[in-house]
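Subject: Structure handover

Hi,

As promised, here is the structure for you to load and look over. My notes come right after it, so you can read them with the model open.

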Amino acid sequence: MDLDVHELDGMAIEANLAALARILVDSVAEGAAIGFMEPVSAQQATRFWLDDVRQAVEAGYRMVFGARRDGELLGTVQLLLAMPPNQPHRCEIAKMIVHPHARRLGIGRALMHRALERARELGKTLVTLDTRTGDVAEPLYASVGFEVAGIIPDYAFDPDGRARHATTYMYCRLGSEAAA
(Lines give C-alpha, C1' and ligand atoms only; values in the text may rest on other atoms or scores of the structure.)
Protein backbone atom coordinates (compact mmCIF):
# COMPACT_ATOMS: atom_id res chain seq x y z
CA MET A 1 0.00 0.00 0.00
CA ASP A 2 1.47 3.31 -1.12
CA LEU A 3 0.06 6.15 1.01
CA ASP A 4 0.79 9.78 0.19
CA VAL A 5 -0.55 12.78 2.14
CA HIS A 6 -0.19 16.17 0.50
CA GLU A 7 -1.65 19.66 0.63
CA LEU A 8 -4.39 20.50 -1.87
CA ASP A 9 -4.38 24.06 -3.20
CA GLY A 10 -7.32 25.60 -5.07
CA MET A 11 -6.30 24.07 -8.40
CA ALA A 12 -5.83 20.63 -6.84
CA ILE A 13 -9.28 20.85 -5.23
CA GLU A 14 -10.80 21.56 -8.63
CA ALA A 15 -8.74 18.81 -10.30
CA ASN A 16 -9.87 16.27 -7.67
CA LEU A 17 -13.45 17.47 -7.43
CA ALA A 18 -15.12 14.18 -8.39
CA ALA A 19 -13.15 12.21 -5.78
CA LEU A 20 -13.70 14.87 -3.09
CA ALA A 21 -17.45 14.93 -3.77
CA ARG A 22 -17.62 11.12 -3.70
CA ILE A 23 -15.79 10.96 -0.35
CA LEU A 24 -18.22 13.49 1.14
CA VAL A 25 -21.42 11.98 -0.31
CA ASP A 26 -20.51 8.39 0.59
CA SER A 27 -19.33 9.32 4.09
CA VAL A 28 -22.54 11.17 4.97
CA ALA A 29 -24.57 8.27 3.53
CA GLU A 30 -22.69 6.01 5.95
CA GLY A 31 -23.56 8.25 8.91
CA ALA A 32 -20.55 10.58 9.19
CA ALA A 33 -21.42 13.59 11.36
CA ILE A 34 -19.57 16.26 9.41
CA GLY A 35 -22.20 19.01 9.22
CA PHE A 36 -24.35 17.64 6.40
CA MET A 37 -27.76 15.99 6.37
CA GLU A 38 -28.72 12.96 4.26
CA PRO A 39 -28.92 12.74 1.38
CA VAL A 40 -26.07 14.87 0.08
CA SER A 41 -26.11 15.13 -3.70
CA ALA A 42 -22.99 15.23 -5.82
CA GLN A 43 -24.02 18.77 -6.78
CA GLN A 44 -24.20 19.87 -3.12
CA ALA A 45 -20.84 18.27 -2.40
CA THR A 46 -19.30 19.93 -5.46
CA ARG A 47 -20.61 23.34 -4.35
CA PHE A 48 -19.19 22.79 -0.87
CA TRP A 49 -15.70 21.99 -2.20
CA LEU A 50 -15.69 24.77 -4.81
CA ASP A 51 -17.60 27.59 -3.14
CA ASP A 52 -16.69 27.07 0.51
CA VAL A 53 -13.44 25.17 0.72
CA ARG A 54 -11.56 26.27 -2.40
CA GLN A 55 -12.35 29.93 -1.78
CA ALA A 56 -11.17 29.69 1.84
CA VAL A 57 -7.99 27.90 0.74
CA GLU A 58 -7.25 30.54 -1.89
CA ALA A 59 -7.88 33.29 0.68
CA GLY A 60 -5.43 31.66 3.10
CA TYR A 61 -8.10 30.90 5.72
CA ARG A 62 -7.73 27.13 5.59
CA MET A 63 -5.54 24.33 4.34
CA VAL A 64 -6.72 21.01 2.94
CA PHE A 65 -4.72 17.81 2.99
CA GLY A 66 -5.56 14.82 0.84
CA ALA A 67 -4.51 11.22 1.29
CA ARG A 68 -3.95 8.97 -1.70
CA ARG A 69 -3.53 5.25 -1.49
CA ASP A 70 -2.11 3.73 -4.64
CA GLY A 71 -2.95 6.97 -6.45
CA GLU A 72 -6.62 7.16 -5.39
CA LEU A 73 -7.77 10.08 -3.24
CA LEU A 74 -9.49 8.46 -0.25
CA GLY A 75 -9.46 11.00 2.56
CA THR A 76 -9.11 14.64 3.52
CA VAL A 77 -8.72 16.85 6.55
CA GLN A 78 -8.84 20.62 6.88
CA LEU A 79 -6.83 22.98 9.04
CA LEU A 80 -8.77 26.16 9.76
CA LEU A 81 -6.44 29.13 10.15
CA ALA A 82 -8.82 32.11 10.36
CA MET A 83 -8.96 32.76 14.09
CA PRO A 84 -9.94 35.90 16.02
CA PRO A 85 -7.15 38.46 16.62
CA ASN A 86 -6.63 37.25 20.20
CA GLN A 87 -5.99 33.64 19.05
CA PRO A 88 -3.13 33.75 16.55
CA HIS A 89 -1.47 30.82 18.31
CA ARG A 90 -4.15 28.27 17.47
CA CYS A 91 -5.99 26.61 14.60
CA GLU A 92 -8.75 24.03 14.22
CA ILE A 93 -9.10 20.63 12.61
CA ALA A 94 -12.28 20.25 10.55
CA LYS A 95 -13.92 17.77 8.22
CA MET A 96 -11.63 14.79 8.77
CA ILE A 97 -13.19 12.47 6.19
CA VAL A 98 -12.02 9.04 5.03
CA HIS A 99 -14.07 7.19 2.43
CA PRO A 100 -16.07 4.42 4.17
CA HIS A 101 -14.37 1.68 2.11
CA ALA A 102 -10.91 2.91 3.07
CA ARG A 103 -11.27 3.16 6.83
CA ARG A 104 -9.03 1.35 9.31
CA LEU A 105 -6.06 1.50 6.93
CA GLY A 106 -4.13 4.29 8.67
CA ILE A 107 -5.38 7.03 6.34
CA GLY A 108 -7.01 9.11 9.10
CA ARG A 109 -3.92 8.83 11.29
CA ALA A 110 -1.66 9.91 8.40
CA LEU A 111 -3.92 12.88 7.67
CA MET A 112 -3.94 13.96 11.31
CA HIS A 113 -0.16 13.66 11.60
CA ARG A 114 0.34 15.81 8.50
CA ALA A 115 -2.15 18.46 9.67
CA LEU A 116 -0.49 18.65 13.10
CA GLU A 117 2.95 18.79 11.51
CA ARG A 118 1.82 21.69 9.31
CA ALA A 119 0.30 23.48 12.32
CA ARG A 120 3.70 23.22 14.06
CA GLU A 121 5.44 24.57 10.95
CA LEU A 122 3.07 27.57 11.07
CA GLY A 123 4.06 28.23 14.69
CA LYS A 124 0.72 27.15 16.16
CA THR A 125 0.83 25.87 19.73
CA LEU A 126 -2.80 24.78 20.15
CA VAL A 127 -5.11 22.83 17.85
CA THR A 128 -8.78 22.23 18.62
CA LEU A 129 -11.50 20.09 17.09
CA ASP A 130 -14.96 18.79 17.82
CA THR A 131 -16.34 15.35 17.10
CA ARG A 132 -19.54 13.44 17.71
CA THR A 133 -19.24 11.97 21.19
CA GLY A 134 -18.51 8.27 20.93
CA ASP A 135 -17.66 8.47 17.22
CA VAL A 136 -15.09 6.04 15.85
CA ALA A 137 -12.75 8.99 15.25
CA GLU A 138 -12.63 9.99 18.91
CA PRO A 139 -10.03 7.33 19.90
CA LEU A 140 -7.98 8.24 16.82
CA TYR A 141 -7.83 11.87 17.93
CA ALA A 142 -6.79 10.80 21.43
CA SER A 143 -4.07 8.56 20.01
CA VAL A 144 -2.44 11.47 18.15
CA GLY A 145 -2.37 13.69 21.24
CA PHE A 146 -5.80 15.29 21.62
CA GLU A 147 -7.38 15.57 25.06
CA VAL A 148 -11.03 16.05 25.93
CA ALA A 149 -11.94 19.60 26.95
CA GLY A 150 -15.64 18.93 27.44
CA ILE A 151 -18.88 17.56 26.06
CA ILE A 152 -21.93 19.51 24.92
CA PRO A 153 -25.18 17.48 24.90
CA ASP A 154 -27.69 17.64 22.03
CA TYR A 155 -25.21 19.61 19.91
CA ALA A 156 -26.27 18.54 16.41
CA PHE A 157 -28.54 16.17 14.54
CA ASP A 158 -27.24 12.91 13.17
CA PRO A 159 -27.13 12.96 9.35
CA ASP A 160 -30.39 10.99 9.14
CA GLY A 161 -32.16 13.66 11.24
CA ARG A 162 -33.59 11.14 13.71
CA ALA A 163 -31.65 12.05 16.83
CA ARG A 164 -29.34 14.69 18.24
CA HIS A 165 -25.90 13.76 19.44
CA ALA A 166 -23.47 15.23 21.91
CA THR A 167 -20.22 16.75 20.70
CA THR A 168 -16.86 16.32 22.36
CA TYR A 169 -14.45 19.25 22.16
CA MET A 170 -10.79 18.26 22.12
CA TYR A 171 -7.46 20.07 22.10
CA CYS A 172 -3.83 19.26 21.39
CA ARG A 173 -0.90 21.35 22.60
CA LEU A 174 2.02 21.59 20.19
CA GLY A 175 5.62 22.67 20.59
CA SER A 176 7.06 23.87 23.86
CA GLU A 177 3.64 24.22 25.51
CA ALA A 178 3.00 20.51 24.92
CA ALA A 179 5.89 19.62 27.22
CA ALA A 180 4.76 21.99 29.98
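Below is what turned up, beginning with the pocket and ending with the backbone. Please keep in mind that this is a predicted model.

**The largest pocket**

I expect you will want to start here. The volume of the largest pocket comes to about 1100 Å³. Its lining is made up of 43 residues, and M96, T131, D135, A137 and Y141 are the ones that lie nearest the centre. Two or more lining residues come from each of β4 (90-98), α4 (107-121), β5 (126-132), α5 (137-143), β6 (147-157) and β7 (164-173). Which element gives the most to this lining? That is β4, with 8 residues. By character, the lining divides into 24 nonpolar, 9 polar and 10 charged residues.

**Helices α2 and α3**

Helix α3 covers residues 42-59, which is 18 residues. From first C-alpha to last, α3 reaches 24 Å, close to the 26 Å expected at 1.5 Å a residue. There is a bend to look at along the way: α3 has a kink of about 30°, centred on V53. V53 is also one of the buried residues of α3, together with A45, F48, W49, L50, R54, A56 and V57. Note that R54 is in that buried set. The partners against which the buried residues of α3 pack are β1 (3-8), α1 (10-15), α2 (17-29), β2 (62-69), β3 (72-80) and β4.

Helix α2 has 13 residues and reaches 18 Å between its first and last C-alpha atoms, close to the 18 Å expected at 1.5 Å a residue. In α2, the buried residues are L17, A19, L20, A21, I23, L24, S27 and V28. These pack against β1, α1, α3, β3 and β4.

A glycine with positive phi comes after each of these helices: G31 just after α2, at about 100°, and G60 after α3, near 85°.

**Three residues to click on**

T76 is in strand β3. Is T76 buried or exposed? T76 counts as buried, because its relative accessibility is 0%. Leaving out residues up to four places away in sequence, T76 touches L20, W49, V64, F65, G66, K95, M96, I97 and L111. Two of these names have come up above: L20 is among the buried residues of α2, and W49 is among those of α3.

I34 sits in the loop between α2 and α3. With a relative accessible area of 11%, I34 is buried, since the cut-off for that is under 20%. Which residues does I34 touch, not counting those up to four places away in sequence? They are L24, V28, K95 and I97. I34 and K95 are 61 residues apart along the chain, yet their C-alpha atoms are separated by 6.0 Å. K95 and I97 are also on the contact list of T76.

I152 belongs to strand β6. It counts as partly exposed because its relative accessibility is 37%. Outside its neighbours within four places in sequence, I152 is in contact with A166, T167 and Y169. Its C-alpha lies 8.8 Å from that of T133, with the two positions 19 residues apart in sequence numbering.

**Backbone points to check**

Most residues other than glycine have a negative phi, and most peptide bonds are trans. A few places here are worth a look with that in mind.

- The peptide bond from E38 to P39 is cis, and its omega is near -15°. P39 is in the loop between α2 and α3, where I34 is also found.
- D70, though not a glycine, has a positive phi of about 50°. D70 lies in the loop between β2 and β3, and its relative accessible area of 54% makes it exposed.
- R104 is another residue other than glycine with a positive phi, near 70°. R104 is found in the loop between β4 and α4, and with a relative accessible area of 84% it is exposed.

If you have only a few minutes, I would open the pocket around M96, T131, D135, A137 and Y141, then go to the kink at V53 and the cis bond from E38 to P39.

Happy browsing, and write back whenever you like!

Best wishes

Notes: Residues numbered from 1 in each chain as written. Predicted model: local features only at pLDDT ≥ 70, side-chain atom pairs only at ≥ 80, totals over all residues. Heavy atoms only, no water. 1 Å grid on protein atoms, 1.4 Å probe; cavity = no way out; pocket = protein on both sides within 12 Å on 5 of 7 lines; lining within 4 Å. Points joined across faces, edges and corners; volume = space filled by probe spheres on them. Helix = DSSP H or I, 4+ residues; strand = E, 2+ residues; numbered from the N terminus. Nonpolar A, V, L, I, M, F, W, Y, C, P; charged D, E, K, R; others polar. Expected span 1.5 Å × (residues − 1). Bend = angle between axes of the 7 residues up to and from the residue. Buried < 20%, exposed > 50% of the residue type's maximum accessible area, 1.4 Å probe, protein only. Contact = heavy atoms within 4.5 Å.
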